[in-house]
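Trainee: I'd like to learn how to read the inside of a model, both the empty space and the packing. Can we go through one together?

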Amino acid sequence: MKKIGKLIITVMALAAYLTAASGTARAQATLSPEEARTLEYGKEIYKIKANCQFCHKWDASGDTGYGGIALSLRKSALTQEQFIEVVKCGRPLTGMPYHDRFSYTDKRCYGMTLGELGKDAPPMGEFLSAREIDAVVKYLFAKAVGHGPATYEDCVEFWGRDTRQCEPMKK
C-alpha cells in the first residue's frame, strides 16, 4: 500500500511539473505586440544592417558561413549580457567585428584600446545603437541560442516565404 501511495505522489508531482512546464512554454510562445516588433526588428538587424548572417548563416549555425568560419550561436553558452558585450566589442584575434561606435576608444571593451590591440583588434562592423544591439540579442535568444537545429518552418519564417534556400529542409 505504501508503494502505491508513493507512486501516486510521484505521478501527481510529475503531472504538476509537466503542466507548469507546458504553461511556461505557452507563456513564452505568446508574445506581446511590442515583443513581436522587437524580435522582427532584431531579425532585420541580423539579416540586413549588421549582416550577421554573412558569417553565422541565416540560421545562426555558424561553421563555414558565407563570410568564413564563425561560431554557432545556436550552441553558444553565453548569457544575454555576454552576447551584448560580444556584439558591442567583437572578439580580438578573430573576424568577429565590433558594432559599438565607441568600442576601444577607451577601455570599455575587455579593458583595452585599439592602440593596445594593434593588429589583433577586431574589425569594425556596422555601428549599431544600444536599441539595435538589444533587439538583435533578443532575437537570437528567442530564435537560435539554445535551440536545436533549424527547421523548415524556421527557414520560411526567416526569409518570409518559401524559397529555394528552404527546399533541402522540407520533409
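**Cavity and cores**

Mentor: Sure. Keep in mind that this is a predicted model. The largest cavity is lined by Lys43, Tyr46, Trp58, Asp59, Ala60, Arg74, Tyr139, Lys143, Ala144, Asp154, Glu157 and Phe158. Among the elements, α2 (33-49), α6 (130-143) and α7 (152-159) each give two or more residues to that lining.

Trainee: Which element gives the most to the lining of the largest cavity?

Mentor: That's α7, with three residues.

Trainee: How does one find such a space, and what volume does the largest cavity have?

Mentor: Rolling a probe the size of a water molecule over the atoms shows where empty space is left. Here, the largest cavity has a volume of about 130 Å³. With a cut-off of 30 Å³ or more, the count is one cavity.

Trainee: How do the residues of its lining divide into nonpolar, polar and charged?

Mentor: Six are nonpolar and six are charged, with no polar ones.

Trainee: Now the packing. Which residues touch the most other members of the largest nonpolar core?

Mentor: The general idea is that nonpolar side chains tend to be buried together in soluble globular proteins. In this case the largest core has 23 residues, and Tyr46, Ala60, Leu73, Phe83, Leu128, Tyr139 and Leu140 touch the most other members. Two or more residues come from each of α2, α4 (80-89), α6 and α7, and α6 has the largest share, five residues.

Trainee: What does Leu140 touch, leaving out residues up to four places away in sequence?

Mentor: Leu140 touches Tyr46, Ala60, Leu73, Phe83 and Val145. There's also a second, separate core of six residues, including Cys89, Tyr98, Leu117 and Ala121.

Key:
Residues are numbered from 1 along each chain as its sequence is written. This is a predicted model: local features need pLDDT of at least 70, side-chain atom pairs count only at pLDDT 80 or more; totals for chains, interfaces and linings use all residues. Side-chain values use heavy atoms; hydrogens and water are left out. On a 1 Å grid over the protein atoms alone, a cavity is a set of points where a 1.4 Å probe fits but cannot get out, and a pocket is an open set with protein on both sides within 12 Å along at least five of seven lines; lining residues have an atom within 4 Å of a point. Grid points are joined across faces, edges and corners, and a volume is the space filled by probe spheres set on the points. Helices (H or I, at least four residues) and strands (E, at least two) are DSSP runs, numbered from the N terminus. Ala, Val, Leu, Ile, Met, Phe, Trp, Tyr, Cys and Pro count as nonpolar, Asp, Glu, Lys and Arg as charged, and the others, Gly among them, as polar. A nonpolar core is a set of buried Ala, Val, Leu, Ile, Met, Phe, Trp, Tyr and Cys residues joined through side-chain atoms within 4.5 Å. Buried means under 20% relative accessible area, exposed over 50%, partly exposed in between (1.4 Å probe, protein chains only). Contact means heavy atoms within 4.5 Å.
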